[in-house]
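Please walk me through this structure, beginning with one of its strands and then turning to its salt bridges.

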Amino acid sequence: MVEASKRLLNFIDRSPTPWHAVASIAQWLQQAGFRRYEETEDWQIAPGACGYVVRDGGSIIAFRLGQTDAPMRIIGAHTDSPGFRVKPRGAFRQAGFDSLGIEVYGDPIIATFADRDLTLAGRIMVEDRDKGISTRLVNLERPLLRLPNLAIHLNRDVNQAGLRFDLQDELPLVLGCAAEQLPAEEGIRQLLGAAAGVAPETILSWELAVVDVQPGAFFGRDNEFIASARLDNLASCHAAVEALLAAEPGQTQVIALFDHEEVGSQSYKGADGTFLADVLARLAECLGLRRESERRSLHARSVLLSADMAHALHPNVARVYEPQHHVHLNGGPVIKINAQQRYATDGVGEAYFEWLCRKAEIPCQKYVHRTNLPCGSTIGPIAAGRLGIRTIDVGNPMWSMHSARESAGAHDHGMMIKVMTLFFSDATELPS
Ligand code: CO
């Protein structure tokens with residue numbers, strides 16, 4: 001079971017941004033014999049064929065096409081993680097330093113980014129002699145940026161008031177000492193150009209995330225925990241890919257990994273966009289299904305597992321959790337349930353996942369948020385609503401969700417892969 005967590009940490013280290021995660025997954029699928037399909041080309045895909053589609057570099061859907069009218073098994077997750085993004089004219093000079101202005105992406109625990117060894121990774125768009133515009137992935141890898149804390153002597157009540165930052169004025173990251181010959185903007189362009197192997201003046205735009213350079217690690221007396229950036233939600237992406245590759249061929253199996261979940265999913269590649277619906281409709285057409293049989297066979301009988309991380313009990317702060325629904329690290333996969341439909345799980349879906357865990361001989365936990373606390377959400381309710389497919393929200397337990405360095409159990413990842421693999425191979429029809 002721990003081997004799976006080693007592979008996960010390795011994957012996350014190679015995937016500092018959604019664009020890198022999708023590139024890593026595409027390469028992995030390619031090596032496993034999956035063919036890349038472009039949304040712009042004419043698809044002729046035979047039953048049994050394996051392929052994948054990428055939309056705008058950040059979202060990816062992979063599939064193993066089944067026989068004509070078998071119901072589908074779909075696993076959804078998200079490729080993005082909360083943090084900071086560099087503004088288009090981010091670099092500026094103040095008080096003898098070059099700094100980088102950033103926007104907040106999603107809902108990170110901002111204070112956890114202070115005093116960390118940060119770098120830049122993402123994609124840059126460059127002028128290309130042949131294609132007009134092309135995109136390049138960049139990862140500067142080395143410690144490059146810092147958000148230094150004030151000394152306690154200058155911030156006397158920090159331990160009482162908590163560590164707070166004004167988002168506009170106090171978050172710019174220190175990039176370097178100001179150099180007379182080199183304007184701040186030029187400095188950052190030179191770094192990016194060198195990393196991408198292009199002339200700085202050809203850079204037209206960028207999407208750059210601020211990422212922690214520290215690799216993932218095991219910790220705990222018996223190495224029973226893991227710590228890493230982006231466990232939310234690259235852990236679910238990684239489990240979904242491993243399950244798809246391990247599953248027995250049979251019915252149509254799909255994984256849909258979306259960008260932009262942390263900012264609400266409403267974008268042309270997000271879960272609230274048309275990407276998954278478009279791909280499923282095209283796959284149905286490849287299978288020769290009329291619209292009537294597509295609705296009847298695929299939508300009415302299919303199941304979507306929405307995989308995102310769950311809140312494990314923090315031993316020091318048990319009071320913030322629902323006392324009857326504590327979930328524990330290394331206690332196995334979690335079903336997430338919310339009466340307000342912030343999680344998409346219904347009673348039948350809950351029963352089905354519990355039953356799958358029993359068949360896989362692994363434990364299963366159930367999470368409900370405290371009634372007097374607003375509950376977070378996932379792509380589950382969004383995808384369920386858009387597609388009309390029964391959806392179950394599940395995920396592995398973790399601590400410190402949205403911290404620069406999150407933690408989780410070392411044994412849960414292997415269990416999640418096991419039950420997801422079984423899910424892909426299982427054709428049980430659920431009561432409607
Ligand atoms: Co998440």
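How many residues of strand 4 are buried? In this predicted model, strand 4, which spans residues 73-78, is mostly covered, with 6 of its 6 residues buried. The cover extends to both faces of strand 4, since R73, I75 and A77 are buried on one side, while I74, G76 and H78 are buried on the other.

Two other strands pair with this one. Strand 13 (residues 253-258) runs parallel to strand 4 and is joined to it over 6 bridges, and within that pairing R73 has Q253 as its bridge partner. Strand 14 (residues 303-307) is also parallel to strand 4, with 4 bridges between them, and here I74 is partnered by L304.

Turning to charged side chains, the whole structure contains 23 salt bridges. One of them links K6 with E3, whose closest N and O atoms are 3.2 Å apart; both residues belong to helix 1 (residues 2-13) and are separated by 3 residues, about one turn of the helix. K6 is partly exposed at 45% relative accessibility, and E3 is likewise partly exposed at 47%.

Another salt bridge reaches further along the chain: E207 and R123 bring their closest N and O atoms to 2.6 Å. Because E207 lies in strand 10 (residues 203-212) and R123 in strand 7 (residues 118-128), this pair ties together parts that are 84 residues apart in sequence. E207 is partly exposed, at 27% relative accessible area, whereas R123 is buried, at 9% relative accessibility.

Key
Residues are numbered from 1 along each chain as its sequence is written. This is a predicted model: local features need pLDDT of at least 70, side-chain atom pairs count only at pLDDT 80 or more; totals for chains, interfaces and linings use all residues. Side-chain values use heavy atoms; hydrogens and water are left out. Buried means under 20% relative accessible area, exposed over 50%, partly exposed in between (1.4 Å probe, protein chains only). Two strands pair if DSSP finds at least two bridges between them. A salt bridge is a side-chain nitrogen of Lys or Arg within 4 Å of a carboxyl oxygen of Asp or Glu.
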